[in-house]
Amino acid sequence: MLTSTATALLLCLSTAGTAAADDVPTDDDGAVSADETTDINDRQGWEDDTDQPLSELGPTACEHPSTWYSVTSKKAYHVPSGWNGTKYKDGPGGTIKVSVTKGGTISLEVSGSGEWSAGALLAKAKVTVSAKVAGSVTVTTGHEFSHEVTRNKYGHLQYGSWGYKVNWKRYRSSGRNCGSRVEIGHGKATLPTTETGWKYWETSS
């Protein structure tokens, strides 16, 4: 997991190539302040084990823009906050009680090949994955939580955002026949959402 500073740098440097119709910058960078988030703890069984395929339908060659993005699959994923003061382990047995002791920012991460724009991908994901995805989410101190730990087991609690991992592709229209397209980029992205909270799991040691 990248630090908040490194991730922010990645977001700023994520546009490659010349701007196309789907790369037009907006005034909204997708950042979400702490007072706009919703706390949801311990979603047991919420995360997906495998990617969930999505439709790759997009504009035809007779439509605009001349390039476009397609989110081909998504997987529900708890995006960890990744800094000290947001992860705990206790046991064996008993009750684990925690709180966020250090604030920070959880940001989207994008990787891929070819020409792509993090901002354009975020806009596409808001439509095809969830309206709750954001470029970055602010975590503030507080948010106390407790959970019973199974006897002889160790309990773990990690704070983060209930987000998604996605696979994406970028296409360009090609030729004069409607529907003709050429892939010009592909990759992966990890997207936080406006819902944050504690993820709980247990281990034997």
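Three short exercises with worked solutions follow.

This is a predicted model, in which local features need pLDDT of at least 70, side-chain atom pairs count only at pLDDT 80 or more, and totals for chains, interfaces and linings use all residues. Residues are numbered from 1 along each chain as its sequence is written, and side-chain values use heavy atoms, with hydrogens and water left out.

**Exercise 1.** State how many helices and strands the protein has, and what share of its residues is buried.

Solution. Helices (H or I, at least four residues) and strands (E, at least two) are DSSP runs, numbered from the N terminus. The protein has 2 helices and 13 strands. Buried means under 20% relative accessible area, exposed over 50%, and partly exposed in between, with a 1.4 Å probe and protein chains only. Of the 205 residues, 40% are buried.

**Exercise 2.** Place Ala-123 in its element and classify its exposure.

Solution. Ala-123 lies in helix H2, which covers residues 118-128. Its relative accessible area is 44%, so Ala-123 is partly exposed.

**Exercise 3.** Describe the surroundings of Gln-158.

Solution. Begin with the element: Gln-158 belongs to strand E11, residues 154-173. Next, the exposure: Gln-158 counts as buried because its relative accessibility is 9%. Then the contacts (heavy atoms within 4.5 Å): leaving aside neighbours within four places in sequence, the partners of Gln-158 include His-78, Pro-80, Thr-86, Trp-198 and Trp-201. Finally, the side chain of Gln-158 reaches the backbone oxygen of Thr-86 at 3.3 Å.

How values were computed: Polar contact = N/O pair within 3.5 Å; in protein donor to acceptor, adjacent residues only side chain to side chain.
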